[in-house]
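Please open the structure in your viewer and keep the sequence panel beside it, since this tour moves from one selection to the next. At each stop, make the selection first and then read what is there.

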Amino acid sequence: MRRVLVADDETHIRDLAELVLRNSGLEVDCARDGEAAWERLSSNRYDLVITDHDMPLLKGLDLIARIKKESIAVPVILMSGTIGSSSQELAGRARPDGFLPKPFSVAMLLALASDYLEMR
């Protein structure tokens, strides 16, 4: 079974993503912030990470940079309502593999997750 890690400090978004992904047959772990996500990544193997950007303790882009620095082979989708996929904030940073703008639809979440899980 494919495993996905969802990191978001907003409980309703995290819970929605977990429900949708579980109902599509995936095993889902959740983290309430970037540091909690990093702890899970340090001790578990995932097929996909979906992370918000604006989180306490460790922002999504910083989590992505850490994942890439440690050579963890997992695609990462960045969710954000404040930066765009071509934002200046992404310049010179470890780039996500995919981008999911907030607010997002269930169909968008499933389509993007499916794209990256089929690639592995």
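Which residues of strand 1 point one way, and which point the other way? Select strand 1, residues 3-7, and turn the view until you can follow the side chains: R3, L5 and A7 point one way, V4 and V6 point the other way, and all of them are buried. Strand 1 is therefore a mostly covered element, with five of its five residues buried, where buried means a relative accessible area under 20%. Bear in mind as you look that this is a predicted model.

**The whole chain**

Now select everything and colour the chain by secondary structure, which shows four helices and five strands. If you read along the sequence, these elements follow the pattern β-α-β-α-β-α-β-β-α. The chain has 120 residues, and buried residues make up 48% of them. The accessible surface comes to about 6000 Å², and 50% of that area belongs to carbon and sulfur atoms. Among the contacts with a separation of 6 or more, 62% are between residues 24 or more positions apart.

**The sheet**

Next, hide the helices and select the five strands, which form an open sheet in the order 2-1-3-4-5 with parallel pairing. Strand 2 (27-31) and strand 5 stand at the edges, and each has a single partner strand, so one side of each is left without a neighbour in the sheet. As you look from one strand to the next, the twist averages 20 degrees.

Keep strand 1 and strand 2 selected for a moment, because this pair can be followed residue by residue: the two strands run parallel and are joined by five bridges. V6 stands opposite C30 in strand 2, and A7 stands opposite A31 in that strand.

Bring helix 2 (34-43) back into view, and you will find that helix 2 packs on the sheet, where it touches strand 1, strand 2 and strand 3, while its direction makes about 135 degrees with that of strand 2. Helix 3 packs on the sheet as well, touching strand 3 and strand 4, and its direction makes about 170 degrees with that of strand 4.

**Strand 4**

Select strand 4 (76-80) together with strand 3 (48-52), which pair in the parallel sense over four bridges. Within this pair, I50 stands opposite I77 in strand 4. Then follow the side chains of strand 4, where V76, L78 and S80 point one way and I77 and M79 point the other way. Five of the five residues of strand 4 are buried, so this strand is largely enclosed by the rest of the structure.

**Helix 3**

Move on to helix 3, residues 60-69, and highlight G60, L61, L63, I64 and I67, which are buried. When helix 3 is seen down its axis, these buried residues fall within an arc of 155 degrees, so they line one face of the helix. An α-helix has 3.6 residues a turn, so residues three or four places apart point the same way. The buried residues of helix 3 pack against helix 2, strand 3 and strand 4. Just after helix 3, select S71, which takes a positive phi of about 55 degrees.

**The loops beside strand 5**

What does the side chain of K102 make a polar contact with? Select K102, which lies in the loop between strand 5 and helix 4, and show the side chain of D8, with which the side chain of K102 makes a polar contact at 2.8 Å. The side chain of K102 also makes a polar contact with the side chain of E10, at 3.4 Å. With a relative accessibility of 16%, K102 counts as buried, and the residues it touches include I13, D52 and M79.

Stay in this loop, between strand 5 (98-101) and helix 4 (106-119), and select S105. S105 is partly exposed, at a relative accessible area of 31%, and its side chain reaches the backbone nitrogen of M108 at 3.0 Å.

For the last stop, select G81, which is found in the loop between strand 4 and strand 5. G81 is among the residues that K102 touches, yet at 53% relative accessibility G81 counts as exposed. Finally, draw a line from G81 to L100: the two residues are 19 residues apart in sequence, and their C-alpha atoms are 8.8 Å apart in space.

Conventions: Residues numbered from 1 in each chain as written. Predicted model: local features only at pLDDT ≥ 70, side-chain atom pairs only at ≥ 80, totals over all residues. Heavy atoms only, no water. Buried < 20%, exposed > 50% of the residue type's maximum accessible area, 1.4 Å probe, protein only. Arc of directions from axis to C-beta. Contact = heavy atoms within 4.5 Å. Areas by Shrake-Rupley, 256 points an atom, 1.4 Å probe, with all protein chains shown as cover. Polar contact = N/O pair within 3.5 Å; in protein donor to acceptor, adjacent residues only side chain to side chain. Pairing = 2+ DSSP bridges. Axes fitted to C-alpha atoms, helices over the stretch in contact; angles between N-to-C directions.
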